[in-house]
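Work through the exercises below with the sequence and the model side by side. Each task is followed by a solution that proceeds step by step.

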Amino acid sequence: MKPDNPEHQPPDDAAARRAVAPVFVYPPEALPAPDLALYRAARSGAAKVGEVLVPPRDARAFEVAAGQFFRISSVEGPQVGDLNLWNARDLAERFYSGKTRALHGTHLSTGDRLWSSFPYLRAMATITDDTLDWYGFDGDGGAVHDVIGTRCDPYTQCLLGGDPYHYCCHSNLTRALADHLKLPLAEAEAQVHDVLNVFMCTGFSRDTGQYFMKASPVRPGDYLEFFAEIDLIGALSACPGGDCSAGHSSDEAACFPLMVEIFAPADGALTGWAPAPASGYDRSHGRQQ
Ligand SMILES: [Zn+2]
């Protein structure tokens, strides 16, 4: 955090230095835009082909083929979820929350993509519908579906002096991937990465820049829906924080399941669409090849 009483005096031109205009690092118009009209037309004729109910304080993995849709829904009560995504053919390609944040902002909604790690850096999924898009940013600077937090985990709890809690999202995601791919826990854990916090309401305090959470506005029936741009393995944890109105990493909060449903478009509905290729960068990094 920034000090209340800085040790160094501001320079004479401090006000002028602060007053320069910000520049958006990555103008969104520079990104290739998803064809939402095509996706929505395909979605309108799609048939449900699978569902997975994620129990509270636990996680489940699921697979979605390129060109299919998956919907994460609130059922029974307000609940946030922590989402990981991998390329189903290569776990080294995984969701990159930091670059997604840099490209789209701190909180995602319809039309935003979930980008993959280097050296791939391509759209893994595109958000095609968000029933909480009305929420925007509240008076505290909070918004839903963030890529600013990471995931609750037993290591941070140990660091802060608490007893380890085994049903944090990190551990839930680890078990879910291990079960799905029949991997040893340690191998699965190494694949777990920073998440999209589905339905979670978070922000940074305006005065101190501290990460905060508040009760999620999600209610049963709300959903966030994605189009899979490549073949995906997903894992979703129903966070032990429930709606994250108070705490997490314990058995105290009221927790509810989350539903994942998968929909396949009709044949021919995606004519003209193809999975994005991986980045074309040659990976020479300035060295002669
Ligand atoms: Zn969590």
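## Cysteines and disulfides

The structure holds 0 disulfides, a disulfide being a pair of cysteine sulfur atoms within 2.5 Å. The model is predicted, and local features need pLDDT of at least 70, side-chain atom pairs count only at pLDDT 80 or more, while totals for chains, interfaces and linings use all residues. Residues are numbered from 1 along each chain as its sequence is written, and side-chain values use heavy atoms, with hydrogens and water left out.

**Exercise 1.** Explain why C158 and C201 have no bond to the closest cysteine sulfur.

*Solution.* Begin with C158, whose sulfur has its closest cysteine sulfur in C168, at 9.6 Å, which is too far for a bond. Turn next to C201, for which the closest cysteine sulfur belongs to C244 and lies 10.0 Å away, again too far for a bond. Then consider the surroundings: C158 is partly exposed, with a relative accessibility of 45%, whereas C201 is buried at 0% (buried means under 20% relative accessible area, exposed over 50%, and partly exposed in between, with a 1.4 Å probe and protein chains only).

## The zinc site

**Exercise 2.** Identify the protein donors of the zinc ion, and state which parts of the chain the pair C152 and C239 ties together.

*Solution.* The protein donors are the SG atoms of C152, C169 and C239, at 2.2 to 2.3 Å from the zinc ion; donors are N, O and S atoms within 2.8 Å of the metal (3.2 Å for Na, K and Ca), and water is not among the atoms, so sites may look incomplete. Along the sequence, the spacing of these donor residues reads C-x16-C-x69-C. Because C152 sits in the loop between strand 8 (143-146) and helix 4 (154-159), and C239 in the loop between strand 12 (232-238) and strand 13 (258-264), the pair ties together parts that are 87 residues apart in sequence. Helices (H or I, at least four residues) and strands (E, at least two) are DSSP runs, numbered from the N terminus. As a last step, check the accessibility: C152 is buried with a relative accessible area of 9%, and C239 is buried with 4%.

## Cores and strand 9

**Exercise 3.** Determine which residues touch the most other members of the largest nonpolar core, and which strand gives the most to this core.

*Solution.* The largest nonpolar core has 41 residues, and those touching the most other members are F70, L83, L114, L196 and F226; such a core is a set of buried Ala, Val, Leu, Ile, Met, Phe, Trp, Tyr and Cys residues joined through side-chain atoms within 4.5 Å. Strand 9 (residues 196-204) gives the most to this core, with 5 residues. A second, separate core of 13 residues includes A61, W86, L91 and I233.

Two further residues of strand 9 deserve a separate step. N197 is placed in strand 9 and is buried, with a relative accessible area of 2%. Apart from neighbours within four places in sequence, N197 is in contact (heavy atoms within 4.5 Å) with G81, D82, H145, D146, G149, T150 and Y211. F199 is also found in strand 9, where this residue has a positive phi of about 70° although it is not a glycine, and at 0% relative accessibility F199 counts as buried.

## Aromatic pairs

**Exercise 4.** How are the planes of F227 and W273 arranged, and which parts of the chain does this pair tie together?

*Solution.* The structure holds 9 aromatic pairs, where rings of Phe, Tyr and Trp (its six-membered ring) pair if their centres lie within 6.5 Å, and planes under 30 degrees apart count as stacked, over 60 as edge-to-face and the rest as tilted. For Y165 and Y167, the ring centres are 5.9 Å apart and the planes at 75°, so the pair is edge-to-face. F227 and W273 also form an edge-to-face pair, at 5.1 Å centre to centre with 85° between the planes. Since F227 lies in strand 11 (residues 223-228) and W273 in the segment after strand 13, this pair ties together parts that are 46 residues apart in sequence. Both F227 and W273 are buried, and ring pairs link Y39, F69, F227 and W273 into a cluster.
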